[in-house]
Amino acid sequence: MELFEAIRTTRAMRRLDPDRPVATEDLWTILEAAAKAPSGGNRQVARWLVVTDAGKRAEIGRLYGEAWGSVRHVYDGDSPPSPLLRSADHLGAHMGEAPVILIPCSRGGDPASIYPGCQNLFLAARALGLGTALTTVHRLKEQEVKAVLDIPEDVSTWAMIPLGYPLGRWGEAPRRPVEETTYWDHYGERRARR
Ligand SMILES: Cc1cc2nc3c(=O)[nH]c(=O)nc-3n(C[C@H](O)[C@H](O)[C@H](O)COP(=O)(O)O)c2cc1C
């Protein structure tokens, strides 16, 4: 897949096929893409926890669902619920059924050294037809998630990323036009692209 097409069509894919497994070789490929990302001082603090065990996925999926339930009201403005809310609700109910759940971790450190790897991984997954979604609400239940996975006290978990083949279609993510979000020479000064 062409890189710019992958960038345009990589988005939060929260509805994943629970019955279609992810090949181990594909897992290594996308984890290697994550490992190629930059980090502060090239310290490479990220550690990726790959959760495939069905029981552990169910347990951390339940914790994710509880965490999502406790913040859902923040996003619940529209009636009927927006597509984004419905998609987030689906993930809240089904996180544990994603064929793989990835947890980027680091001992201390700064998430600024973690998220470039996440984005590399999302793009690599997209190129292989695999869906992902960056989620962080599990952090409201982080201690419990860490207990399920035997994660040491001084290690932080920065995201919970479901991975699998999407049930829905790939599409281009809705984003503001770049001319609107780009300023030139001083803050607030926009230019037309052409
Ligand atoms: C820092 C961060 C945290 C996020 N946390 C969650 C989350 O906890 N749950 C969730 O369903 N989506 C989460 N998202 C996904 C965003 O909702 C999603 O990227 C955004 O709505 C754009 O979606 P799209 O790429 O499909 O257009 C998070 C995204 C970011 C960047």
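Q: Is I7 buried, exposed or partly exposed, and what is its relative accessibility?
A: This is a predicted model, so take what follows as a reading of computed coordinates. I7 is found in helix α1, which runs over residues 3-9. Buried means under 20% and exposed means over 50%. I7 falls in between and counts as partly exposed, at a relative accessibility of 43%.

Q: Which residues make the nonpolar surface patch, and what is its area?
A: I7 of helix α1 is one of the contributors, along with L3 and F4. Together L3, F4 and I7 make a nonpolar surface patch of about 310 Å².

Q: Which residues come nearest to the ligand?
A: There are 13 residues around the ligand. By class, that shell has eight nonpolar, two polar and three charged residues. The ones that come nearest are R11, R14, Y64, L134 and R175.

Q: What is the distance from the polar side-chain atom of R14 to an oxygen atom of the ligand?
A: R14 is among the residues that come nearest to the ligand. Here the side chain supplies the polar atom, and its partner is an oxygen atom of the ligand. The distance is 2.8 Å.

Q: Which residue has a backbone N or O atom 3.1 Å from an oxygen atom of the ligand, and which has a polar backbone atom at 3.0 Å?
A: Both of these approaches use backbone atoms. The 3.1 Å distance to a ligand oxygen belongs to A12. The 3.0 Å distance belongs to T136.

Q: How much of the ligand's accessible area does the protein cover?
A: On its own, the ligand has 630 Å² of accessible area. The share covered by the protein is 67%.

Q: How many salt bridges does the structure hold?
A: Side chains of opposite charge can pair when their charged atoms come close. One such pair here is D89 with R72, and R62, E66 and K141 are linked in a network of salt bridges. The count for the structure is nine.

Q: Why does the D89 and R72 pair tie together parts of the chain, and how far apart are those parts in sequence?
A: The side chains of D89 and R72 meet in a salt bridge, 2.7 Å from N to O. D89 lies in helix α4 (residues 83-94) and R72 in helix α3 (residues 54-75), so the salt bridge ties together two helices. D89 counts as partly exposed at 23% relative accessibility, and R72 is also partly exposed at 23%. The separation in sequence is 17 residues.

Q: Where do R107 and D154 lie, and how many residues apart are they?
A: Their side chains meet in a salt bridge at 2.8 Å, N to O. R107 is in strand β2 (residues 100-107), while D154 is in the loop between α6 (142-149) and β4 (155-157). R107 is exposed at 54%, whereas D154 is partly exposed at 43%. The pair links distant parts of the chain, and the residues are 47 residues apart.

Q: What is the relative accessible area of R176, and is R176 buried or exposed?
A: R176 meets E180 in a salt bridge between side chains, at 3.1 Å from N to O. E180 counts as partly exposed, at 30% relative accessibility. For R176 the value is 62%, which is over 50%, so R176 is exposed.

Q: With which side chain does H138 make a polar contact?
A: H138 lies in the loop between β3 (131-132) and α6. Its relative accessible area is 0%, so H138 is buried. At 2.8 Å, its side chain makes a polar contact with the side chain of T157.

Q: What is the phi of N42?
A: Most residues other than glycine have a negative phi. N42 lies in the loop between α2 (24-35) and β1 (47-51), and N42 is exposed at 53%. N42 is not a glycine, yet its phi is positive, at about 50 degrees.

Q: Where is Q44, and what is its phi near?
A: Q44 sits in the loop between α2 and β1. At 44% relative accessibility, Q44 counts as partly exposed. Q44 is a residue other than glycine with a positive phi, near 50 degrees.

Q: What separates the C-alpha atoms of I103 and A54?
A: I103 is in strand β2 and counts as buried at 0% relative accessibility. Along the chain, I103 and A54 are 49 residues apart. Their C-alpha atoms are separated by 15 Å.

Notes: Residues are numbered from 1 along each chain as its sequence is written. This is a predicted model: local features need pLDDT of at least 70, side-chain atom pairs count only at pLDDT 80 or more; totals for chains, interfaces and linings use all residues. Side-chain values use heavy atoms; hydrogens and water are left out. Patches are made of residues with over 30% relative accessible area and no salt bridge: like charges are joined within 9 Å, nonpolar side chains (Val, Leu, Ile, Met, Phe, Trp, Tyr) within 5 Å. Accessible areas come from the Shrake-Rupley method with a 1.4 Å probe; for residues, only the protein chains shown count as cover. A salt bridge is a side-chain nitrogen of Lys or Arg within 4 Å of a carboxyl oxygen of Asp or Glu. Helices (H or I, at least four residues) and strands (E, at least two) are DSSP runs, numbered from the N terminus. Buried means under 20% relative accessible area, exposed over 50%, partly exposed in between (1.4 Å probe, protein chains only). A residue is near a molecule or strand if one of its heavy atoms lies within 4 Å of it. A polar contact is a pair of N or O atoms within 3.5 Å; within protein, one must be able to donate a hydrogen and the other to accept it, and residues adjacent in sequence count only if both atoms are side-chain atoms. Ala, Val, Leu, Ile, Met, Phe, Trp, Tyr, Cys and Pro count as nonpolar, Asp, Glu, Lys and Arg as charged, and the others, Gly among them, as polar.
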